[in-house]
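Visitor: Please show me the sequence and the structure, and then take me through them by question and answer.

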Amino acid sequence: MTPILRTVAELRALARGWKAAGETIGVVPTMGALHEGHLSLVRRARAECDRVITTIFVNPMQFNNPEDLKKYPRSEEADAALLATVPADLLFAPTPAEVYPEGFVSKVSVSGVAEPLEGRMRPGHFDGVATVVTKLFGMTLADRGYFGQKDWQQLQVVLALVRDLNLPIEIIGCETVREADGLAMSSRNVRLTPEGRAKAPVFYSALTASAADIRAGQSDRMAIREAAEAMRNAGFERVEYIELRDAGTLMPSDDPARPRRMLAAAWIDGVRLIDNIPV
Ligand SMILES: Nc1ncnc2c1ncn2[C@@H]1O[C@H](COP(=O)(O)OP(=O)(O)OP(=O)(O)O)[C@@H](O)[C@H]1O
Ligand SMILES: CC(C)(CO)[C@@H](O)C(=O)[O-]
Ligand code: BAL
């Protein structure tokens with residue numbers, strides 16, 4: 001089984017020992033309910049670092065919706081068993097009181113790239129992510145941090161904060177792992193009913209079709225409207241956004257010469273899905 005630590009003091013002592021021995025540390029921050037997407041990050045870290053720490057912390061500060069926090073899937077024992085198959089050296093799973101002890105008054109807030117899309121739909125979300133990620137980097141003394149492209153905007157927010165705050169860590173963005181039918185793996189997928197799960201792949205297939213149409217010369221607006229229509233026709237109850245953005249700044253972009261990204265969020269069966277693809 002993967003050893004589990006719960007306090008910052010124990011984690012720090014271990015990490016300091018590794019650093020003193022000249023070993024590099026990779027960290028994979030997660031909220032648990034691990035799936036193949038998370039494991040792909042852990043494997044990449046395993047291949048590139050001497051020591052691998054996976055963190056599991058369902059961070060209350062990044063949940064704008066209390067119901068979402070309450071319903072977030074938790075499965076620590078199964079997670080530890082999965083991590084042992086890679087293996088990770090350590091699972092760090094602190095309590096909220098360990099991460100936010102009494103008297104905690106600080107916040108890391110990223111503007112610009114954190115403001116549109118998820119930032120607009122989930123007020124306060126990225127302050128919570130930026131704060132906890134900064135703390136996890138400090139706690140683990142990691143040389144490299146591994147993040148999934150599934151959360152593309154989150155990855156850009158983390159890159160910005162590491163750059164702006166001169167944090168001594170390299171951020172590695174990893175490809176999105178998908179189910180055979182294209183649905184991006186996500187912990188929240190377990191909340192889908194069988195009917196919702198059957199309709200969910202349309203989210204990715206509609207984005208892919210829309211990106212292909214844009215590449216073939218169709219207007220951005222028309223292609224995006226068709227993607228939204230395909231999702232609604234498949235039974236999605238709400239399309240929150242489908243946007244074509246500059247891949248780095250996440251500002252609106254109609255310049256096909258620069259890397260662009262199509263990003264979307266939509267609700268099926270009471271579950272909020274996000275995804276993104278290059279265009
Ligand atoms: N399908 C995936 N492929 C690659 N990386 C992923 C995938 N799903 C999640 N990740 C990455 O794993 C890390 C932890 O994510 P998290 O624990 O929030 O899982 P999640 O499946 O994204 O959960 P949810 O979608 O419910 O928030 C993040 O860096 C995230 O981008
Ligand atoms: C990066 C993260 C672990 C911070 O809580 C979370 O946002 C996630 O799981 O993507
Ligand atoms: N996977 C991003 C974290 C969140 O949805 O809160």
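## Strand β2 and its surroundings

Guide: β2 is covered on both faces: Ile25, Val27 and Pro29 on one side and Gly26, Val28 and Thr30 on the other are all buried. Buried here means that 20 or more other C-beta atoms lie within 10 Å of the residue's own, exposed means 12 or fewer, and partly exposed is in between, with C-beta atoms placed from the backbone. This is a predicted model, in which local features need pLDDT of at least 70 and side-chain atom pairs count only at pLDDT 80 or more, while totals for chains, interfaces and linings use all residues. Residues are numbered from 1 along each chain as its sequence is written, and chains are lettered from A and ligands numbered from 1 in the order in which they are written.

Visitor: How many residues of β2 are buried?

Guide: Helices (H or I, at least four residues) and strands (E, at least two) are DSSP runs, numbered from the N terminus. β2 is mostly covered, and its buried residues number six of six.

Visitor: In what sense do β2 and β3 pair, and which residue in β3 is the bridge partner of Thr30?

Guide: Two strands pair if DSSP finds at least two bridges between them. β2 and β3 have six bridges, in the parallel sense. The partner of Thr30 in β3 is Ile56.

Visitor: Which element gives the largest share of the shell around ligand 1?

Guide: A residue is near a molecule or strand if its C-beta atom, placed from the backbone, lies within 6 Å of it. There are 18 residues around ligand 1, and Gly37, Gly148, Met185, Ser186 and Arg188 come nearest. Two or more residues each come from α2 (36–48) and β5 (144–148). The largest share, four residues, is from α2.

Visitor: How do the residues of the shell around ligand 1 divide by class?

Guide: Ala, Val, Leu, Ile, Met, Phe, Trp, Tyr, Cys and Pro count as nonpolar, Asp, Glu, Lys and Arg as charged, and the others, Gly among them, as polar. For ligand 1 the division is seven nonpolar, eight polar and three charged.

Visitor: Is His38 buried or exposed?

Guide: UniProt, in an unreviewed entry, gives His38 the annotation "active site"; its positions are in the numbering used here, feature names are shortened, and annotations may be inferred rather than shown by experiment. His38 is in helix α2. Leaving out residues up to four places away in sequence, His38 touches Val28 and Thr30, where contact means C-beta atoms, placed from the backbone, within 7 Å. Because 26 other C-beta atoms lie within 10 Å, His38 is buried.

Visitor: Which element gives the largest share of the shell around ligand 2?

Guide: The residues around ligand 2 include Pro29, Thr30, Asn59, Gln62, Val129 and Asp151. Elements giving two or more residues are β2 (25–30) and α7 (125–140). By class the shell has five nonpolar, four polar and one charged residues. The largest share, three residues, is that of α7.

Visitor: Why is Gln62 classed as buried?

Guide: The unreviewed UniProt entry places a "binding site" feature at Gln62, in the loop between β3 (51–56) and α3 (66–71). Beyond its neighbours within four places in sequence, Gln62 is in contact with His125, Gly128, Val129 and Val132. Gln62 is buried because the number of other C-beta atoms within 10 Å is 20.

Visitor: Which are the edge strands of the sheet with the order β7-β8-β9?

Guide: This is an open sheet of three strands with antiparallel pairing. An edge strand pairs on one side only, and the two here are β7 (238–246) and β9 (271–278).

Visitor: Which residue in β9 is the bridge partner of Ala266?

Guide: Strand β8 (residues 260–268) pairs with β9 in the antiparallel sense over eight bridges. The two form a hairpin with two residues between them, and Asp269 in the turn has a positive phi of about 60°. Opposite Ala264 in β9 is Asp275, and the partner of Ala266 is Leu273.

Visitor: Is Asp255 buried or exposed?

Guide: Asp255 is in the loop between β7 and β8. Its C-alpha is 47 Å from that of Ala97, with the two positions 158 residues apart in sequence numbering. As 9 other C-beta atoms lie within 10 Å, Asp255 is exposed.

Conventions. Two residues are in contact if their C-beta atoms, placed from the backbone, lie within 7 Å.
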